[in-house]
Amino acid sequence: MTDNVEENEPSGAQKMFGDFAPALVGFTDDVLFGQVWTRPHLSPKERSLVTIAALTTSGSTEQLVFHLGLAKENGATEEELIEAITHLAFYAGWPKAMSSMAVAKQVFRGGTD
């Protein structure tokens with residue numbers, strides 16, 4: 001997969017970390033997105049919903065911008081993603097859900113606060 005990525009546009013990890021953290025870039029591109037995300041047991045949409053839940057519950061909102069966009073590419077609607085974050089308020093905690101919803105609003109409606 002790395003060869004394919006290098007022939008095309010650099011991956012998001014490559015753009016962010018390039019030569020600074022090449023091992024992390026390799027693991028991200030080859031293992032996470034090359035092997036884990038392509039396993040057949042969950043659909044890409046299901047993987048995206050699980051990832052949004054994990055990022056919300058851990059408070060890792062900086063990763064949500066990318067993953068909300070990927071979730072839409074994987075077939076999740078904005079309404080489903082908003083509902084998932086709303087549902088998580090009761091399991092992840094209100095502040096984490098509010099922070100995640102602020103990111104979702106920015107991604108879906110554009111602009112900055």
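How many helices and how many strands does the chain have? In this predicted model, the chain has seven helices and zero strands. Read from the N terminus, the order of elements is accordingly α-α-α-α-α-α-α.

The overall dimensions come next. The C-alpha trace spans about 40 × 35 × 25 Å along its principal axes. The chain comprises 113 residues, and 29% of them count as buried. Among contacts with a separation of 6 or more, 55% are made by residues 24 or more positions apart. The surface that the chain exposes amounts to about 7,400 Å², and carbon and sulfur atoms supply 59% of that area. As for charge, there are 8 positive and 15 negative charges, and their mean positions lie 9 Å apart.

From the surface, the description turns to the interior. In soluble globular proteins, nonpolar side chains tend to be buried together. In this chain the largest nonpolar core has 13 residues, and the members with the most contacts inside it are I52, L64, L68, L81, I85, A104 and F108. Two or more residues are given to this core by each of α4 (44–58), α5 (64–73), α6 (78–92) and α7 (94–109). The largest share, four residues, comes from α7.

Individual residues show how these parts meet. L64, one of the core residues with the most contacts, is in contact with I52, L55, T56, S100 and V103 when its neighbours within four places in sequence are left aside. A97 is placed in helix α7. With a relative accessibility of 5%, A97 counts as buried, because the limit for that class is under 20%. Leaving aside neighbours within four places in sequence, A97 is in contact with T56, I85, L88 and A89. T56 thus appears among the contacts of L64 and also among those of A97. The C-alpha atom of A97 is separated by 11 Å from that of E83, and these two residues are 14 residues apart along the chain.

Helix α4 also holds T51. Is T51 buried or exposed? T51 is buried, since its relative accessible area is 18% and the limit is under 20%. Not counting residues up to four places away in sequence, T51 touches W37 and H67.

W37 leads to the aromatic residues. A pair of aromatic rings is described by the distance of the centres and the angle of the planes. The count of aromatic pairs in the model comes to three. In one of them, F33 and F66 meet edge-to-face, at 6.0 Å centre to centre and with 80° between the planes. F33 lies in helix α3 (residues 22–36) and F66 in helix α5, so this pair ties together parts that are 33 residues apart in sequence. Both partners are partly exposed: the relative accessible area is 26% for F33 and 45% for F66. A further pair is formed by F90 and W94, whose ring centres are 5.3 Å apart; the planes stand at 90°, so this pair is edge-to-face as well. F90 is exposed, because its relative accessible area of 64% lies over the 50% limit. Finally, ring pairs link F33, W37 and F66 into a cluster, and W37 in that cluster is a residue that T51 touches.

Conventions. Residues numbered from 1 in each chain as written. Predicted model: local features only at pLDDT ≥ 70, side-chain atom pairs only at ≥ 80, totals over all residues. Heavy atoms only, no water. Buried < 20%, exposed > 50% of the residue type's maximum accessible area, 1.4 Å probe, protein only. Contact = heavy atoms within 4.5 Å. Areas by Shrake-Rupley, 256 points an atom, 1.4 Å probe, with all protein chains shown as cover. Lys, Arg positive; Asp, Glu negative; His and termini not counted. Charge placed at Lys NZ, Arg CZ, Asp CG, Glu CD. Core = buried A, V, L, I, M, F, W, Y, C linked by side-chain atoms within 4.5 Å. Phe/Tyr/Trp six-rings, centres within 6.5 Å; stacked < 30°, edge-to-face > 60°.
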